[in-house]
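Thank you all for coming. I would like to walk through one structure this morning, and I will go slowly for anyone who is new to it.

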Amino acid sequence: MKIKYRKFSVLFMVIVLIISLSITAFAAKRVDRRFVDSADHTGYYVDINSIDYSGGDNMKADIYIVKPQFNAMFMYTTEFNLKEKSYQFVYTKIYEYDTKRLTSQSSIPAPKAGYGNLAAGNNKLMENVVEFALEWERTHINKTKLGEMLD
């Protein structure tokens, strides 16, 4: 009876380990952030593994905005309309910058905003992000094995 219990225990532990590793692997993804631009102690990065552009007017990418003075890193899944020169944050995650600990997330989309026309108050930095992402997609293999694992 002791041997059966021990076998059952070991089997149970192996199953629990496999399930927890699967959940961790599913929840985390490899992020390869590339620096694009900065302003006022804030860095703008694109996760090159997240760029989704197959031609046309729409592109999607994860944009990271890093504010080290506040120990904060914001990840925005961003949908771009290239024809309208607009973007919309559709999903947000906020991390502690130094530990990369996820502190909050939201799937409530932000209002659309424009980019490229600085005189109209639009975000020139986001235009640089779009240009970087389009150029990367055109000239590189999109997915890499580099970067860090983030939730």
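Before I point to anything, a word on the labels: helices, written H or I, are DSSP runs of at least four residues, strands, written E, are runs of at least two, and they are numbered from the N terminus. With that in hand, we can say that His41 is found in the loop between E2 and E3, and please keep in mind throughout that this is a predicted model.

Let us stay with that loop for a moment. Strand E2, residues 33–39, pairs with E3 in the antiparallel sense over six bridges, and the two strands form a hairpin with two residues between them. Within this pairing, Asp37 has Tyr44 in E3 as its bridge partner.

What is the phi of His41 near? The value is near 60 degrees, which is positive although the residue is not a glycine, and Asp40, also in the turn, has a positive phi of about 50 degrees. For context, most residues other than glycine have a negative phi. Is His41 buried or exposed? His41 counts as exposed because its relative accessibility is 69%, and the cut-off for that word is over 50%. Asp40 counts as exposed too, at 69% relative accessibility. Although Asp40 and Lys67 are 27 residues apart along the chain, their C-alpha atoms are separated by 9.2 Å.

Moving on from the turn, strand E3, residues 42–47, is mostly covered, with five of its six residues buried. On this strand, Gly43 has Val66 in E4 as its bridge partner, and E3 and E4, the latter spanning residues 58–67, run antiparallel and are joined by four bridges.

That brings us to the interior. The largest nonpolar core has 23 residues, and those touching the most other members are Val46, Ile51, Ile63, Phe80, Tyr115, Met126 and Val129. Two or more residues each come from E3, E4, strand E5 (72–81), strand E6 (86–96) and helix H2 (124–139), and H2 gives the largest share, six residues. Apart from this core lies another, of seven residues, among them Val31, Val66, Met73 and Tyr95.

Finally, let me turn to another loop, the one between E6 and strand E7 (102–106), where Lys100 lies. The phi of Lys100 is near 65 degrees, again a positive value in a residue other than glycine, but Lys100 counts as partly exposed, because its relative accessible area is 22%.

Note on methods:
Residues numbered from 1 in each chain as written. Predicted model: local features only at pLDDT ≥ 70, side-chain atom pairs only at ≥ 80, totals over all residues. Heavy atoms only, no water. Buried < 20%, exposed > 50% of the residue type's maximum accessible area, 1.4 Å probe, protein only. Pairing = 2+ DSSP bridges. Core = buried A, V, L, I, M, F, W, Y, C linked by side-chain atoms within 4.5 Å.
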